[in-house]
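Subject: Structure handover and notes

Hi,

Here is the structure I promised to pass on to you. Have a look at it first, and then read on for what turned up when I went through it.

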Amino acid sequence: MRIVVAGTSGFLGKYLVSKLNDDGHEVVRLVRRQALRPDEIHWDPYGSEFDSGIVGGAGAVINLCGATVAGKRWTPAYKEEIRASRIVPTEVLSRAVAETGVPVLLNASAAGWYGDSGDRDVDEFAPHGPDFLATMCRDWEAATEAASAAGVRVVKLRTANVLSADSMLVEKLRPLFRLGLGGKFGTGRQYLPWITLHDWLAAVDWLLTFSVSGPVNLSAPETVTNAEFTTAFAAALNRRARLTLPGAVLKLIGGEGGAELLHGHRMVPKVLVGNGFEFTHGTLDQAMKYTFAVR
C-alpha cells in the first residue's frame, strides 16, 4: 500500500514509519522542513494552497501532527499553537483525501477528549469533557468532516499514554523514581490510561485495513489509577513509590497543564476489543516488563 504520513518527526511517527516500511508499504513522509530524502515531500499546511495530488493514489493517509502538550507552560499563545498545530493540518489533509478519493484517513486524537471523567468507564460513545483539551479534541476530530462527508473511512485515534523505554512519559518519570523521589500525583485516585508502543503500532496497522470508522480508544483493557500505576512503575525499578506530589504544587509548577495531571480518564477500548483486536500487553504487569526489558 502507498501510505502518506504527516507528523513523522514525533515519537509515534518515527516508529510508525519504521514499522510500515518493514511491512513492505511504500511510505511518503510529509515534512515541514526541506525534503532531503526520496520518501519525503515538503508541505506547509499553513501557507500556500496544498497540492491534493500529493496524496492521490495513496491507499491511506495517516495524520499525527500536533505540538506537544507536555513540558511547556500553557500560555494563551501556546494553547493556540496546540490547537492550530492539530486542527489546521487535519483540515488540509481531510480536504485532500476527499478531493482525490483516498479511501482511508487515520487521524490522531487523544484521551483528553473525555476530560476529567472520574471513576466511570468511558468508551468511544462517551461525550467530550468541558476543559481545554477536551474541547480542543472535539474541534480536532470535527476537522475530519470533509473526508467523512466524501465517504472516506475516517478513524480517530484517541491515544492514551504510550509506554516504551524511550516514550516521553517514561523518560520523564524514570530518573525521579530511580532516585526514590517518585510517587502519586495528588490523591492518586484519578485513572491513568495507557498502552504500550508495541500495541499502539499493532492497532494502527490493524485499523489500516479493518472496516472500523469513527473514534477508537487506543488504550489497554486494564484500567489503573495513578497510584496503582506509580506503584507498579517504582516496583519495575526496584523502588517504592513513597511520595505524593500535591495538586497545589503541580498547579504552581505547571499551571493549567500541571493541573491536567490531576484529571483521570478510565478509558476502555470497546471498539478494539469488540472487533477482535488482541493486545500483547493487556495488563500493567506485562506493560512494565515490556517497558523495562533489556533490549
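Ala 241 sits in the loop between α7 and β12 (243–245). With a relative accessible area of 28%, Ala 241 counts as partly exposed. Leaving aside residues up to four places away in sequence, Ala 241 touches Phe 177, Gly 182, Gly 183, Thr 230, Thr 231 and Ala 234. The C-alpha atoms of Ala 241 and Gly 182 are separated by 5.2 Å, although these residues are 59 apart along the chain. Please keep in mind that this is a predicted model.

The same loop, between α7 and β12, also holds Asn 238. Asn 238 is exposed, at a relative accessible area of 68%. You may want to look at its backbone too: Asn 238 has a positive phi of about 60° although it is not a glycine. For context, most residues other than glycine have a negative phi. Asn 238 comes just after α7, which brings me to that helix.

Helix α7 covers residues 226–236, and Asn 226, Phe 229, Thr 230, Phe 233 and Ala 234 are its buried residues. Seen down the axis of α7, these residues fall within an arc of 130°, so they line one face of the helix. The general background is that an α-helix has 3.6 residues a turn, so residues three or four places apart point the same way. The cover over the buried residues of α7 includes β8 (161–163), α5 (168–178), β9 (183–185) and α10 (284–291).

Helix α5 shows a similar pattern. Val 170, Leu 173, Arg 174 and Phe 177 are buried in α5. Down the axis of α5 they fall within an arc of 115°, so they too line one face of their helix. Those buried residues pack against β8, β9, α7 and α10. Just after α5, Gly 180 takes a positive phi of about 80°.

How do α5 and α7 lie relative to each other, roughly parallel or roughly perpendicular? Their axes come within 10 Å and cross at roughly 65°. Angles of 65 to 115 degrees count as roughly perpendicular, and α5 and α7 are therefore roughly perpendicular to each other. The crossing in which α5 passes α7 is right-handed. On the α5 side, the contact is made by Leu 169, Val 170, Leu 173, Arg 174 and Phe 177, which meet Phe 229, Thr 230, Phe 233 and Ala 234 in α7. By class, that contact has 7 nonpolar, 1 polar and 1 charged residues.

There is another helix pair to compare. Helix α2 (residues 76–100) and helix α3 (residues 132–142) pack at an angle of about 20°, with their axes 9 Å apart. That makes α2 roughly parallel to α3. Here too the crossing, of α2 past α3, is right-handed. From α2, Lys 79, Ile 82, Arg 83, Arg 86, Ile 87 and Thr 90 meet Phe 132, Thr 135, Met 136, Asp 139 and Trp 140 in α3. The residues of this contact divide into 5 nonpolar, 2 polar and 4 charged.

Finally, here are a few single residues to click on.

- Leu 218 lies in strand β11 (residues 214–218) and is buried, with a relative accessible area of 0%. Not counting residues up to four places away in sequence, its contacts include Leu 157, Ile 195, Trp 200, Leu 207, Met 267 and Leu 272. Leu 218 and Arg 240 are 22 residues apart in sequence and 29 Å apart in space, C-alpha to C-alpha.
- Ser 52 is in the loop between β3 (40–42) and β4 (60–63), yet Ser 52 is buried, with a relative accessible area of 12%. Beyond residues up to four places away in sequence, Ser 52 touches Ala 96, Glu 99 and Thr 100.
- Glu 278 belongs to the loop between α9 (270–274) and α10 and is exposed, at a relative accessible area of 67%. The C-alpha atoms of Glu 278 and Ala 203 are separated by 8.8 Å, with their positions 75 residues apart along the chain.

Happy to talk any of this through whenever it suits you.

Best wishes

Conventions: Residues are numbered from 1 along each chain as its sequence is written. This is a predicted model: local features need pLDDT of at least 70, side-chain atom pairs count only at pLDDT 80 or more; totals for chains, interfaces and linings use all residues. Side-chain values use heavy atoms; hydrogens and water are left out. Buried means under 20% relative accessible area, exposed over 50%, partly exposed in between (1.4 Å probe, protein chains only). Helices (H or I, at least four residues) and strands (E, at least two) are DSSP runs, numbered from the N terminus. The arc is that of the directions from the helix axis to the C-beta atoms. Contact means heavy atoms within 4.5 Å. Axes are lines fitted to C-alpha atoms, for helices over the stretch in contact, and angles run from 0 to 180 degrees between N-to-C directions. Angles under 35 degrees count as roughly parallel, over 145 as roughly antiparallel, 65 to 115 as roughly perpendicular and the rest as oblique. A crossing is left-handed if the near helix is turned anticlockwise from the far one by less than a right angle, and right-handed if clockwise. Ala, Val, Leu, Ile, Met, Phe, Trp, Tyr, Cys and Pro count as nonpolar, Asp, Glu, Lys and Arg as charged, and the others, Gly among them, as polar.
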